[in-house]
Structure formats: structure tokens, C-alpha cells
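Welcome, and thanks for taking a look at this one with me. Please have the viewer open as you read the notes that follow.

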Amino acid sequence: MLWSLLKIVFFIVAVTAITYGAMELSTVPGELMLTYGGLEMRLGPLEVLAALVALVVLVWVAFKLLGLIAAFIRFLAGDETAVTRYFARNRVERGYQALSDSMMALAGGEGHLAMTKAQKAERFLNKPEITTLLVAQAAEQTGDRTKAENAYKKLVEDDRTRFVGIRGLMRQRLEQGDTDTAMKLAEKAFALKPKHEDTQDVLLRLQAEKGDWKGARATLAAKAKTGSLPKDVLKRRDAVLALSEAKELLDDDVSIEKQEQVIAAHKQSPDLIPAAVLAARGYIAKGNKKHAARLLTKAWSASPHPDLATAFAEIEPNETPQERLKRFKSLTKVNIDDPETRMLMAELHIAAEEFPEARRALGTLPETDATVRVLTLMAAIERGSGGTDQLVNAWLAKAVTAPRGPQWICDNCQNIHDHWEPVCSNCHGFDTLSWRRPPQNDKPLSGGLEMLPLLVAVNGSAETAPVVVDADAEEAEVVEAETVDAEVVEER
């Protein structure tokens with residue numbers, strides 16, 4: 001509204017100024033006399049101004065007419081520039097419309113329509129860097145791998161689209177399980193764009209899967225420069241790669257450099273249990289038992305683990321059970337209430353045939369954390385204490401459906417591994433294994449309850465189930481529960 005009012009005001013002011021100027025110019029004395037062929041013309045100042053304006057307009061019109069005549073002459077001579085430009089503009093509009101339709105169809109899951117529209121856009125636009133990519137993605141969506149591969153190969157031929165083409169071929173090889181070719185393509189893509197995060201991750205995973213630890217560490221170093229991972233994660237993954245690279249530590253001809261490498265890996269990530277174990281064995285191999293014991297004790301204080309106890313036993317392999325029990329006190333005095341520490345102490349007491357002490361070491365674990373290992377230890381304690389076969393079998397029967405306790409589990413696919421690996425054997429994730437308890441399954445095992453009477457009953461007789469009543473007594477008492485039929489066992 002305000003702008004319209006301003007335009008009106010400006011128009012009125014301009015008209016008024018022109019009118020006032022014309023009136024002032026008409027009062028100026030003097031005149032211009034033109035003589036031509038005996039013809040005289042006398043013009044005042046106002047007429048002279050009007051004549052000059054008219055002359056300028058006539059010159060502009062004359063130039064336009066000359067240009068039009070020249071264009072008409074060129075058209076008669078065969079120059080179809082104007083006509084060609086019109087049709088070219090129409091083709092571009094139709095091409096972009098087809099391109100838009102192809103993108104919409106691709107987003108909507110209509111692969112065949114997207115491919116058709118992309119091919120139409122390719123005919124009109126002549127922009128293969130755009131249309132060929134759409135054809136490749138549409139072909140992948142429809143399952144036409146051959147057409148998609150041919151489209152990606154065309155993209156590789158152009159410098160502007162080489163990276164996209166290589167990544168497309170890499171994904172296809174990964175889907176087909178051809179990891180060797182996929183790794184080569186990933187290396188080429190990484191060389192083109194070393195800061196591309198997804199390419200870094202794929203290459204790192206493939207290198208770790210193939211055991212190319214040196215190459216994987218170089219890729220991880222490039223990833224560190226981009227700042228896409230926290231520093232603590234980078235340090236741990238570098239430690240994992242260093243550990244994997246030095247896995248030949250257990251070989252007879254291992255070099256001192258490899259021993260130092262695995263020790264350095266442990267220093268980078270002290271919570272990495274396999275690194276602590278191999279580093280300790282490196283010290284043991286060099287005869288440095290004191291450093292090995294100190295390293296394992298520190299690792300145990302951070303996270304008790306059976307592998308740490310095994311390595312600690314290797315420091316003095318020929319000691320008696322009583323000597324081992326005494327030496328292990330330096331390890332078990334930390335995290336004394338941890339279930340792993342309690343189970344370790346119970347095992348040491350069982351080996352020394354100190355069964356009441358073994359029961360005391362377990363504490364309330366048979367009630368509060370009854371894993372397979374805990375219940376098996378209880379069966380061994382009952383056997384060593386002179387318990388009957390029926391009582392021992394009752395503990396073993398409970399172990400059938402008991403949880404297994406902490407294990408090496410992949411954080412991505414939840415697959416359980418017998419031992420630590422840098423790469424998950426199921427989903428091929430790198431550094432995804434952690435020592436933890438598997439997700440609890442509330443569903444009962446199929447046939448589990450039906451198996452228990454077979455394990456507990458002897459000669460078809462009834463049996464009793466053990467119940468722990470006093471964990472802190474000199475000897476853990478076992479009382480008998482009510483007699484039950486051999487076909488039914490009380491559910492825990």
C-alpha cells in the first residue's frame with residue numbers, strides 16, 4: 001500500500017516538474033532558424049527540445065529495423081538460430097520435468113517408473129552425471145543388478161562422478177559377498193576422498209576382516225584427523241589393531257618389537273582384557289614375572305575376568321594348589337565382592353580340597369546369581385564334601401536352565417563368541433565385542449523341565465532339591481526340600 005502511494009506521488013512530481021520545465025523553457029527568448037533549399041524554419045527553445053527527442057527515437061527505431069532486416073536475411077539464408085533456440089528451451093523444460101518425475105518415483109519406491117523417466121531425462125538434458133545415477137539407483141531398486149552395474153561403470157569414466165561410481169560398485173560387491181573386490185574398490189574410493197566417513201568405516205571393517213592390521217591402522221589415523229570419533233574410542237580401536245597385529249606374540253620366534261607392541265597396546269587401552277593378557281604373557285616370556293603380576297592385578301581391579309586369572313596362573317605354572325592359593329591373594333584382594341573374584345576363590349579352594357572354604361567364598365551367589373558356573377562349582381563342592389550322587393545331580397540339574405553369565409557378546413548383532421575377536425564373525429563389526437551378560441530370555445527352554453527329572457532321579461526314586469540357608473556358616477548347610485514326584489521338579 002505504501003509503495004503504491006509512493007509511486008503515485010513520484011508520478012505526480014515528475015509530471016509537474018516536466019510541465020514546469022516546459023513552461024519555463026517557452027519563456028526563454030531566442031529562436032533557431034533552419035534554412036534548406038530556400039525553405040526557412042524558425043524553432044523556439046521548446047520546439048528544439050521536442051525535435052531532439054523525436055530524433056533520438058527515430059534513430060533507435062531505425063537501428064531495430066536494420067537488425068530485424070538482417071535477421072530476416074540470415075533466416076532466408078538458412079540460419080535457424082531463433083527456431084533452434086526455441087525448441088532447445090522446450091527440450092530443457094521437458095528434460096527437467098522428467099528428471100523431477102524420476103526423483104519423485106524413486107523416493108516413492110516406483111523403480112521401473114523412475115528408470116523410464118531418468119532415461120527420458122537423459123535424452124533431453126544430456127547430463128549423464130545426473131541421469132545415469134538415477135538410472136543406477138532405480139535399477140538397484142528393481143533388482144536389475146546388471147543394469148545398475150553398467151550405469152555405475154559409466155559414472156566411473158567421468159572425473160566428476162568417479163567417486164560415486166566406485167562406491168556404487170563397492171556396495172554391489174559387498175552385497176554379493178565379494179569382499180576382495182569390494183576392498184580394492186574401497187581403497188580407490190578412499191584415495192579419492194580420504195575424509196569421507198562412510199568410506200572410512202567400510203574400508204576399516206574390510207581391512208580388519210582380512211587381517212590387514214597395518215592398513216587398518218593407517219585408515220584409523222586418517223579417520224582421527226576428521227574428528228568423527230571421540231579420542232577415547234580412537235585410542236581403544238588403535239589398541240585393538242595393535243593387539244591384533246601382534247597376535248603372533250605366542251609364536252616361538254616372536255621378536256622383541258612385537259612384544260613391546262602388544263605391551264604398548266595395553267597401555268593405550270588398559271580396559272582391553274586381551275591386550276592385558278597378551279602383554280602379561282610377553283612379560284612372562286621375557287622372565288619379568290613381577291611386571292606381569294602387577295599388570296594383571298591392575299587389569300583385575302578394573303574388570304575381573306577369567307582370562308586374567310588364567311594368565312596369572314601361568315606366572316608360576318608348577319606351584320602347588322596351596323602355593324597358588326596364597327599367591328592369588330594379591331589378585332583377589334581387589335574387587336573382593338565381584339562374582340568373578342568369588343568364583344575364582346572357590347575354584348582355588350576346591351583345587352586345594354578346602355571345600356568348606358570354597359563354599360564360604362561363593363557366599364550368596366547360588367541364591368542371588370545362580371549361573372551355570374556357580375551351580376557347577378556347588379556340585380563340585382558337594383562332591384568333594386562327600387555328598388550323595390543325587391545331591392550333586394540336583395545342582396547339575398539346576399545348571400541346565402541357568403544363565404551362563406558374562407560372555408563375549410557383539411554389541412551390534414548380540415552374537416555370543418567363545419573368545420574375544422577384533423571382528424564379529426557374524427555381522428563383521430569391528431571392535432564390537434564386550435564382556436557382559438547376554439539379554440535375558442524370559443521364555444523357558446523347550447524341553448528343559450522335562451529333562452530335569454532324568455538328571456535328578458536315580459533308579460526311578462524320588463529326590464530332594466538343595467536349598468542354601470546359611471552362606472556365612474563354617475560349612476554351608478544343605479537341607480532337604482519336600483519330597484516330590486520323580487516327574488516334577490520345583491521351578492527355581
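## A hairpin to start with

Strands β3 and β4 make a hairpin, with 5 residues between them. In the turn, Gln414 has a positive phi of about 65 degrees. Please keep in mind that this is a predicted model.

The two strands of the hairpin, β3 (residues 407-410) and β4 (residues 416-417), run antiparallel and are joined by 2 bridges. If you would like a place to find that pairing on screen, look at Ile409, whose bridge partner in β4 is Ile416.

## Strand β3 and its other partner

β3 also pairs with strand β5, which spans residues 433-436. The sense is again antiparallel, this time over 4 bridges. Here Trp408 stands opposite Trp435.

Are the two faces of β3 covered or not? Both are covered: Gln407 and Ile409 are buried on one side, and Trp408 and Cys410 are buried on the other.

## Two aromatic pairs

How many aromatic pairs does a search of the whole structure find? The search returns 2. In one of them, the ring centres of Phe312 and Phe328 are 4.8 Å apart and the planes meet at 75 degrees, so this pair is edge-to-face; the cut-off for that label is over 60 degrees. Phe312 sits in helix α15 (residues 306-314), while Phe328 lies in the loop between α16 (321-327) and α17 (329-332). The pair therefore links distant parts of the chain, 16 residues apart. Phe312 and Phe328 are both buried.

Trp408 and Trp435 form an aromatic pair too, and this one is likewise edge-to-face, at 5.4 Å centre to centre with 65 degrees between the planes. With Trp408 in strand β3 and Trp435 in strand β5, the pair links parts of the chain 27 residues apart. Why does Trp408 count as buried? Its relative accessibility is 5%, and buried means under 20%. Trp435, with a relative accessible area of 26%, is partly exposed.

## How far to trust the coordinates

The protein chain has an average pLDDT of 78, and 79% of the residues score at least 70.

Residues 442-492 deserve some care: pLDDT stays under 50 there. The model has 65 contacts beyond four places in sequence for this stretch. Where pLDDT is low, the predicted coordinates should not be read in detail.

Terms used
Residues are numbered from 1 along each chain as its sequence is written. This is a predicted model: local features need pLDDT of at least 70, side-chain atom pairs count only at pLDDT 80 or more; totals for chains, interfaces and linings use all residues. Side-chain values use heavy atoms; hydrogens and water are left out. Buried means under 20% relative accessible area, exposed over 50%, partly exposed in between (1.4 Å probe, protein chains only). Two strands pair if DSSP finds at least two bridges between them. Rings of Phe, Tyr and Trp (its six-membered ring) pair if their centres lie within 6.5 Å; planes under 30 degrees apart count as stacked, over 60 as edge-to-face and the rest as tilted. pLDDT is the predictor's confidence in each residue, from 0 to 100. Contact means heavy atoms within 4.5 Å.
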